[in-house]
Amino acid sequence: MVASASRRSFLQFGLAAAGAALSPGWVKVAAAQGSPDPGTVPVKATKLADNVYLLQGVGGNMVLQTGSDGLLLIDASYAPAVPRIREAISALVPTPTSAPSLLINTHWHGDHTGGNEGMHDAGFTILAHRKTRDRLSHTQVMKLFKRTVQPSPAGALPTQVFDETFTIYRNGDTLDLRYFTPAHTDSDIHIHFQNANVLHLGDIYFNGFYPFIDEGTAGNIDGMIKGSKEGLSLASPETKIVPGHGPLGTKAELQEYHDMLATVREKVAALKKQGLSEQEALAKKPTAEFDAKWGKGFMAPDVFAGIVYRTVQA
Ligand SMILES: [Zn+2]
């Protein structure tokens, strides 16, 4: 079950990568590749706490908090998924309050922000790190995929931004938001629900497969290791840890992920320090001990090791 969930997530992320890059014609391309259409895949809700739910469809994992202070949603998948997201919310909250709704973006990538405009049209105000607004406002290049991402429409842009930390008191909980130093991108934040004991780490955390690191927007392996360590420092054994992609995680699973990143980093850094070129370093198979568990996802072992090589400070 876990294996098939990981597999499914990887297929979804494959679409994610293509999707962010090929908008608006990317749905056709993704369909041609056999990836699921985010407009037709239902968004599944899993209860994490009394009024907190994990929402999973195509694209990044989302979290919904409900209550009389208004809906709070973390991330918004792709634009075509918006009707499916709204259906999932309506099933959980048949009679919503008139209180204002809030959407938080974990970072700028299109599989987390593509639905921004649609959710804004549905009444959500958008909050994110300042860099998310900056990145969405201008043309971006996803270097690994050699793709150009066009600026987002005005309605998709966060209208509230912060730099380091932000606190939200809402629906009986306290949410701590904090910026990571550049890790997956330079716009990543986490959201920690103190009472519900839920931690959304965005794409700092890929549960069950090698992560994508967007070196084109300042992502780097050392930031990923530091970010996953920060996540561990906030978590207890009971914390429900939401990865950007993959199934819901535990502190023990996040620890295993962190340790895998740290070990691969040390191996690759040692080869780079010896003066090996990227191709020579990859030929040494520095991820070999982890490939059976982590190498079956969207990031092939050599692709992941290449990113580590190019972004590590050896
Ligand atoms: Zn991402």
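The secondary structure of the chain comes to 11 helices and 14 strands, where helices (H or I, at least four residues) and strands (E, at least two) are DSSP runs numbered from the N terminus. This is a predicted model, in which local features need pLDDT of at least 70 and side-chain atom pairs count only at pLDDT 80 or more, while totals for chains, interfaces and linings use all residues. Residues are numbered from 1 along each chain as its sequence is written.

**Whole chain**

Colour the chain by pLDDT, the predictor's confidence in each residue, from 0 to 100. The mean is 90, and 89% of the residues reach 70 or more. Next, select residues 1-33, where the pLDDT is below 50. Beyond near neighbours in sequence, this stretch has 56 contacts in the model; two residues are in contact if their C-beta atoms, placed from the backbone, lie within 7 Å. Where pLDDT is low, the predicted coordinates should not be read in detail.

Return to the full chain of 314 residues, of which 52% count as buried. A residue is buried if 20 or more other C-beta atoms, placed from the backbone, lie within 10 Å of its own, exposed if 12 or fewer, and partly exposed in between. Of the contacts with a separation of 6 or more, 66% are accounted for by residues 24 or more positions apart.

**Hairpin E1-E2**

Select strand E1 (residues 44-49) and strand E2 (residues 52-56), which form a hairpin with two residues between them. The two strands pair in the antiparallel sense over five bridges; pairing requires that DSSP find at least two bridges between the strands. Within the hairpin, Thr46 of E1 stands opposite Leu54 in E2.

**Ser77**

Move to the loop between strand E4 (72-74) and helix H3 (82-92), where Ser77 lies. Its phi is near 50°, a positive value in a residue other than glycine. Most residues other than glycine have a negative phi. Ser77 is buried, because 32 other C-beta atoms lie within 10 Å.

**Helix H6**

Select helix H6 (residues 130-137) and display Lys131, Thr132, Arg133, Arg135 and Leu136, which are buried. The buried residues of H6 pack against helix H4 (110-113), strand E6 (124-129), strand E7 (140-142) and strand E9 (160-162).

**Sheet E10 to E14**

Now show the five strands that form an open sheet in the order E10-E11-E12-E13-E14, with mixed pairing. Strand E10 (165-170) and strand E14 (240-242) stand at the edges with a single partner strand each, so one side of each is left without a neighbour in the sheet. The twist averages 15° from one strand to the next; axes are lines fitted to C-alpha atoms, for helices over the stretch in contact, and angles run from 0 to 180 degrees between N-to-C directions.

Inside this sheet, select strand E11 (residues 173-179) and strand E12 (residues 189-193), which run antiparallel and are joined by five bridges. The bridge partner of Leu175 is Phe193 in E12.

Continue to the loop between E12 and strand E13 (198-200), where Asn197 is found. The phi of Asn197 is near 60°, again a positive value in a residue other than glycine. With 18 other C-beta atoms within 10 Å, Asn197 is partly exposed.

**Glu253**

The final selection is Glu253, in helix H8 (residues 251-273). Glu253 counts as partly exposed, with 17 C-beta neighbours inside 10 Å. Add Gly208 to the selection: the C-alpha atoms of Glu253 and Gly208 are separated by 8.6 Å, although the two residues are 45 residues apart along the chain.
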